[in-house]
Amino acid sequence: MIAMQASILHRSPTSHISYGNFRRDAFHCLQAEKLTSVVVENELECIFRCLEEIKCYSLNLAVYPDSKGLHLCELLATDKYKAAKHFLANDTFHHHRPWSPCESAPCKNSAGCITDYELNSYHCNCEPGFFGTHCERGESGIRSYGDFCVAPNKRGCSPPDGSYLIFTKKDGTACNATDQIFLLDQDGVIYHKCSTKKVCPQTITLPRERNLC
């Protein structure tokens with residue numbers, strides 16, 4: 001078994017060679033499902049124990065040794081990106097985990113970042129109402145107001161009283177119908193999903209428009 005810096009995390013059940021690029025979050029602890037707890041002499045031994053366990057994706061290591069000079073090592077079945085709400089400051093543990101492309105916080109709008117350690121890649125789990133590779137885009141919240149679909153007060157767009165008119169609804173359709181959906185991008189621009197026509201923000205009131213698709 002070899003510990004290397006060049007790769008993110010690799011385990012081979014056939015060649016018995018495993019390696020990983022682990023990093024330490026000092027005085028932090030991930031309170032997540034424990035695969036097992038063991039006592040070790042040092043940090044490197046705890047990391048090797050994690051590499052040997054196919055389901056281990058991070059670990060907590062006690063900062064201070066016990067009376068025999070050994071440290072408690074907790075092997076965990078997840079990482080701090082999947083279980084972000086359980087990653088906490090702690091006076092008695094250091095947290096160790098493989099380097100991840102999620103470190104740059106690529107996922108937007110409170111989306112979860114899921115690392116594929118073998119491929120050195122990631123994907124974002126979007127919150128409801130958001131989409132895109134990084135969950136950077138979301139539905140604008142356009143809603144019905146009389147005979148019109150209008151933008152609520154979101155990122156600079158006005159509410160119905162004195163609002164920008166988006167367009168007149170087609171007879172018998174709702175504002176959430178496929179061709180009536182508007183999207184809000186990360187720059188605060190609202191546009192029509194089907195035609196990609198930008199409708200807000202604008203400096204002038206928009207004309208009434210029909211059949212945009």
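Which cysteine forms a disulfide with cysteine 50? Select cysteine 50 and cysteine 56 in this predicted model, and you will find the two joined as a disulfide whose sulfur atoms lie 2.1 Å apart. The torsion about the S-S bond is -100 degrees, which makes this link left-handed; cysteine 50 is buried at 0% relative accessible area, and cysteine 56 is likewise buried at 0%.

This link is one of five disulfides in the count. Next, select cysteine 46 and cysteine 73, whose sulfur atoms are 1.9 Å apart and whose S-S torsion is about 80 degrees, so that this disulfide is right-handed. It connects distant parts of the chain, since cysteine 46 sits in helix 1 and cysteine 73 in strand 7 (residues 71-76), 27 residues apart.

Now move to residues 98-136, where UniProt, in an unreviewed entry, places the feature "domain: EGF-like". Over this stretch the chain is 0% helix and 33% strand, with the end C-alpha atoms 26 Å apart. Within it, select cysteine 126 and cysteine 135, a disulfide with its sulfur atoms 2.0 Å apart and a left-handed torsion of -90 degrees; cysteine 126 is partly exposed at 32% relative accessibility, whereas cysteine 135 is buried at 0%.

Finally, select tyrosine 57 and tyrosine 117, whose ring centres are 5.7 Å apart and whose planes meet at 20 degrees, so the pair counts as stacked. Tyrosine 57 lies in the loop between helix 1 (43-52) and strand 6 (58-62), and tyrosine 117 in the loop between strand 10 (112-116) and strand 11 (121-125), 60 residues apart. Tyrosine 57 is partly exposed at 29% relative accessibility, while tyrosine 117 is buried at 4%.

Terms used:
Residues are numbered from 1 along each chain as its sequence is written. This is a predicted model: local features need pLDDT of at least 70, side-chain atom pairs count only at pLDDT 80 or more; totals for chains, interfaces and linings use all residues. Side-chain values use heavy atoms; hydrogens and water are left out. UniProt positions are given in the numbering used here, feature names are shortened, and annotations may be inferred rather than shown by experiment. Helices (H or I, at least four residues) and strands (E, at least two) are DSSP runs, numbered from the N terminus. Rings of Phe, Tyr and Trp (its six-membered ring) pair if their centres lie within 6.5 Å; planes under 30 degrees apart count as stacked, over 60 as edge-to-face and the rest as tilted. Buried means under 20% relative accessible area, exposed over 50%, partly exposed in between (1.4 Å probe, protein chains only). A disulfide is a pair of cysteine sulfur atoms within 2.5 Å.
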